[in-house]
Amino acid sequence: MKASAGREEKEVFAAYIAKNRLKRSDQREAILDTFLRSERHLSVDDLLQLVQKRRSDIGRTTVYRTLKLLQAAGLAQELVLQGQTRFEREYKRQHHDHFICKACGEIFEFSSAEIERLQDEIAAELKFEIDGHRHQIFGRCRRCARAVARH
Ligand SMILES: [Zn+2]
Ligand SMILES: [Zn+2]
């Protein structure tokens, strides 16, 4: 990833910090930078591990609090996948849902215009106003399904 990657997100965060009269912190900036360089769905501990490779002085509480700030600033989305809280990039990303392998924890993203359209139709029938949804589909990924078949 290029050095300029995530520049817009960093600007959004700086504006959020200023607006909320929070102090700038180089720890938070290191956490944000690490978060932006990862394309994955990270638990607090995943991110902590990555951050500590660069800054061993940063603790879990700071990572957690920073993720909550990123969420409030619209830069991160929190997902509860199999009872574990994970965070992924949110800013200007297209809506998507997730397949989750229960054997290895691998997460696959998908989006389907057809599924989105169908749920809008069903909501219209129910006169239900949707303001968000999450599809999580559980099972086994190709690799893990193959491992089971071999037994
Ligand atoms: Zn798997
Ligand atoms: Zn995702």
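Trainee: Which protein donors hold the zinc ion (ligand 2), and how far from it do they lie?

Mentor: In this predicted model, the zinc ion (ligand 2) has as its protein donors H41 through NE2, E88 through OE, H96 through NE2, H98 through NE2 and E109 through OE, and they lie 2.0 to 2.2 Å from the ion.

Trainee: How are those donor residues spaced in sequence?

Mentor: The spacing of the donor residues of the zinc ion (ligand 2) reads H-x46-E-x7-H-x1-H-x10-E. If you look at H98 and E109, you will find H98 in strand β4 and E109 in strand β5, which covers residues 107-110, so this pair ties together parts of the chain that are eleven residues apart in sequence.

Trainee: OK, stepping back a bit, how many helices and strands are in the chain?

Mentor: The chain has six helices and six strands, and if you read along the sequence they follow the pattern α-α-β-α-α-β-β-β-β-α-β-α. As for its extent, the C-alpha trace of the chain spans about 50 × 45 × 30 Å along its principal axes.

Trainee: In what order do the three strands of the open sheet come?

Mentor: The order in that open sheet is β1-β3-β2, and the pairing is antiparallel. Strands β1 (42-43) and β2 (76-81) stand at the edges with a single partner strand each, which means that one side of each is left without a neighbour in the sheet.

Trainee: And over how many bridges do β1 and β3 pair?

Mentor: Strand β1 pairs with β3, which covers residues 84-89, over two bridges in the antiparallel sense. To see one residue pair, find S43, whose bridge partner in β3 is R86.

Trainee: Which helix lies across β2 and β3?

Mentor: That is helix α4, made of residues 60-72, and it runs at about 115 degrees to β2 while lying across both β2 and β3.

Trainee: Changing topic, what volume does the largest pocket have, and which residues line it?

Mentor: The largest pocket has a volume of about 230 Å³, and its lining is made up of E39, R40, H41, D46, R86, R93, C104, G105, E106, I107 and E109. Two names from the zinc site, H41 and E109, appear in this lining, and so does R86, the bridge partner of S43. Sorted by class, the lining has two nonpolar, two polar and seven charged residues.

Trainee: What about the second largest pocket, which residues lie nearest its centre?

Mentor: About 190 Å³ of space lies in the second largest pocket, which is lined by 15 residues, and nearest its centre are Q77, E88, E90, H95 and H96. The elements giving two or more residues to that lining are β2, β3 and β4 (97-101). Its lining divides into one nonpolar, eight polar and six charged residues, and two of the zinc donors, E88 and H96, are among the residues nearest the centre.

Trainee: How many cavities of 30 Å³ or more does a search of the whole structure find?

Mentor: The search finds one, and its volume is about 50 Å³. The residues lining this cavity are F13, A14, I17, K23, R24, S25, R28 and E29, and the elements that give two or more residues to the lining are α1 (7-19) and α2 (26-37).

Trainee: Which of those elements gives the largest share?

Mentor: Helix α1 does, with three residues, and by class the whole lining has three nonpolar, one polar and four charged residues.

Notes. Residues are numbered from 1 along each chain as its sequence is written. Chains are lettered from A and ligands numbered from 1 in the order in which they are written. This is a predicted model: local features need pLDDT of at least 70, side-chain atom pairs count only at pLDDT 80 or more; totals for chains, interfaces and linings use all residues. Side-chain values use heavy atoms; hydrogens and water are left out. Two strands pair if DSSP finds at least two bridges between them. Helices (H or I, at least four residues) and strands (E, at least two) are DSSP runs, numbered from the N terminus. Contact means heavy atoms within 4.5 Å. Axes are lines fitted to C-alpha atoms, for helices over the stretch in contact, and angles run from 0 to 180 degrees between N-to-C directions. On a 1 Å grid over the protein atoms alone, a cavity is a set of points where a 1.4 Å probe fits but cannot get out, and a pocket is an open set with protein on both sides within 12 Å along at least five of seven lines; lining residues have an atom within 4 Å of a point. Grid points are joined across faces, edges and corners, and a volume is the space filled by probe spheres set on the points. Ala, Val, Leu, Ile, Met, Phe, Trp, Tyr, Cys and Pro count as nonpolar, Asp, Glu, Lys and Arg as charged, and the others, Gly among them, as polar. Donors are N, O and S atoms within 2.8 Å of the metal (3.2 Å for Na, K and Ca); water is not among the atoms, so sites may look incomplete.
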